[in-house]
Amino acid sequence: MSRLCFVLTENSIEECLEVYNNLETKVDIVELRLDFLNEESQSNLDKFKIDVPVILTFRKKVDGGLYDGDEEYRLCILKKGIETGNYSFVDLEEDLPVTDLDTLAKDKGVRVIRSFHDFNGVPENLANRLMGIKKDSDEIPKAAVMINSIKELLSFYKEAQSIANEEKIILGMGNYGFNTRILAEKIGSYLTFTSKESGKAAPGHATPDVLDSVYRFKNINSDTNVMGIIGNPVMHTKSPVIHNKGYKQLGLDSTYVPFEVDDLSLFLEVASMLDIKGFSVTVPFKNDIIPLLDSITDGVKEIGACNTVTNIDGKWIGENTDYVGFINPLIREYGDLRGKKVSVIGAGGAAKAALFALKNEGAEVLILNRTVEKAKELAEQFNVKYCPLNSESAEDIKEYSDVIVQTTNVGMHPLEHIDPLSFYNFTGNEFLYDIIYAPEETLFLKKGKEAGCKILNGWDMLLEQGYRQFKLFTGYDYPIK
Ligand code: ATR
């Protein structure tokens, strides 16, 4: 079973002990990073004694650490550390020749982790290179490589799977590599690294709490079903929290992980390799994924956007749960939409799902978009009215103001300071629905609320579309409590 390793990057032994003792999630191994310690603590390594095995690492700047001093001093501190008997592992870099340090480690029963780092990308022949760096049969080889694209992720998984049964540590750094840290057990990595804050020890660390409670790291085994979400950017998504919570409550052997994607065809190869049973699709791939699928539902065809892909007997099937996710909370909060006059801001994939749903409910719709040609295109497709998203349209909006729906990313980071309807004065009778859920209240909603409007954000939509996906991915109803 892959172990959860917590990397300590405090300045003193005392602080390291305090951080370790306050960890909420039990970890299996700790890595003490000597390059973060002050000199006094570096010479008091006997004072660091805890109840789990510890890796002693003194990382140089060239390998992604902080130390750029004298090599003799570095090796001397490592030796002193090994002599304390408090440490189970020592991390020695690939380029370090075999010296009496290795002999000392062997005599003291300290295992050597022989490591190499590549911050440029995934090297060719990663598997051979990794297994070739061992200088003694008892060493654990370690490779930490930056993953810059989905192409590199594919090559990483191919290489890692070819040595799945070998003892080693292998991980991908950066956003594209985040999923490799969660799926460490799937690729037979001896451990996965976590830390208190991402980016300090290495790019892409999660906290042990997130790995364990969100991704259920300790439950992942070689049979665990992998599901996921693709997008770009994707790391901010709350969908893993929703799906993984459902798996936990129903005791399903599955995990749902984020994949940052820059090439959809190559992602489908990754998905086949990891035997992914289903994945969610978010911005900006809801349209572009469609031509790559084996089949799509009528809903996807009509809406022209797909947010859910399932794997049925090796075939990729596209569905859309956004429109149900969109409309159910609105009906719950607002009521019957038949004959109601509704303005929709935006003309992208999310707007299409909203339009499809609103038309189905019998609402009369006006589309507003910055690029008016796109509004026109959609208006023709759905046989509704359209106008530009500017002050010229204020009178039209007034006419279509029972409900005003906001479907663009305006109001969300980094556009949180923009109100797409800044030119419009609410009467207080409009019902406002923004499909953004972070921030909880966009400027659009805030301004409406101040004017007395009833408001609804996108959180319930996120949940509802996620519940439908959960059913499609697992066959079970989401356990709402
Ligand atoms: P999605 O699939 O999430 O709907 P999309 O297809 O990229 O994403 O659509 C983004 C929507 O946000 C579009 O309506 C876009 O308007 P344009 O068609 O004019 O590009 C809208 N949008 C994005 N940034 C905007 C901004 N700064 N002001 C107004 N509208 C914006």
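A crossover is called right-handed if, with the strands pointing away from the viewer, the path from the first strand over the helix to the second runs clockwise. The legends below describe close-up views of a predicted model.

**Figure 1. Strand β6 and its two parallel neighbours, β5 and β7.** Strand β6, which spans residues 140-146, has seven of its seven residues buried, so it is largely enclosed by the rest of the structure. I140, K142, A144 and M146 point one way from the strand, while P141, A143 and V145 point the other way, and all of these residues are buried. Such a pattern of facing is what a regular strand shows, since in a regular strand the side chains alternate between the two faces of the sheet. Strand β5 (residues 111-118) pairs with β6 in the parallel sense over six bridges, and within this pairing F116 has A143 of β6 as its bridge partner. Between β5 and β6 the chain passes through helix α5 (residues 126-131), in a β-α-β crossover that is right-handed. Strand β7 (residues 169-173) runs parallel to β6 and is joined to it by five bridges, with I170 of β7 as the bridge partner of A143. Together with helix α6 (residues 150-162), β6 and β7 make a right-handed β-α-β unit.

**Figure 2. Strand β19 and its pairing with β18 and β20.** Strand β19 (residues 431-434) is covered on both faces, with F431 and Y433 buried on one side and L432 and D434 buried on the other. Strand β18 (residues 403-406) pairs with β19 in the parallel sense over four bridges, and I404 stands opposite L432 of β19. Strand β20 (residues 454-456) also runs parallel to β19, to which three bridges join it, and L456 of β20 is the bridge partner of Y433. The chain crosses from β19 to β20 through helix α16 (residues 443-450), and this β-α-β crossover is right-handed.

**Figure 3. Surroundings of the ligand.** Of the 13 residues around the ligand, A347, N369, R370, T371 and K374 come nearest. Polar backbone atoms of two residues approach oxygen of the ligand: for A347 the distance from a ligand oxygen atom is 2.9 Å, and for A350 the corresponding distance is 3.0 Å. The side chain of R370 also takes part, with an N or O atom placed 2.8 Å from an oxygen atom of the ligand. On its own the ligand has 650 Å² of accessible area, and the protein covers 76% of that area.

**Figure 4. T180 in helix α7.** T180 is found in helix α7, which spans residues 178-182, and its relative accessible area of 0% means that it is buried. The side chain of T180 reaches the backbone oxygen of G177 at a distance of 2.6 Å. When residues up to four places away in sequence are not counted, T180 touches I147, L153, F156, Y157, L171, G172 and I187.

**Figure 5. N244 in helix α9 and its contact with R216.** N244, found in helix α9 (residues 239-250), counts as buried because its relative accessibility of 1% is under the cut-off of 20%. With residues up to four places away in sequence left aside, N244 touches V214, Y215, R216, S254, T255 and Y256. One of these contacts, R216, lies in the loop between α8 (208-214) and β9. R216 has a positive phi of about 55 degrees although it is not a glycine, and at 9% relative accessibility R216 counts as buried.

**Figure 6. Backbone geometry in three loops.** Most residues other than glycine have a negative phi, and most peptide bonds are trans. The peptide bond from N232 to P233 is cis, with omega near 5 degrees, and P233 is found in the loop between β9 (225-231) and α9. A cis peptide bond also joins H413 and P414, where omega is about 5 degrees, and P414 lies in the loop between β18 and β19. N383, a residue other than glycine, has a positive phi near 55 degrees and is placed in the loop between α14 (372-382) and β17 (385-388). With a relative accessible area of 65%, N383 is exposed.

Notes:
Residues numbered from 1 in each chain as written. Predicted model: local features only at pLDDT ≥ 70, side-chain atom pairs only at ≥ 80, totals over all residues. Heavy atoms only, no water. Buried < 20%, exposed > 50% of the residue type's maximum accessible area, 1.4 Å probe, protein only. Pairing = 2+ DSSP bridges. Polar contact = N/O pair within 3.5 Å; in protein donor to acceptor, adjacent residues only side chain to side chain. Contact = heavy atoms within 4.5 Å. Near = heavy atom within 4 Å. Areas by Shrake-Rupley, 256 points an atom, 1.4 Å probe, with all protein chains shown as cover.
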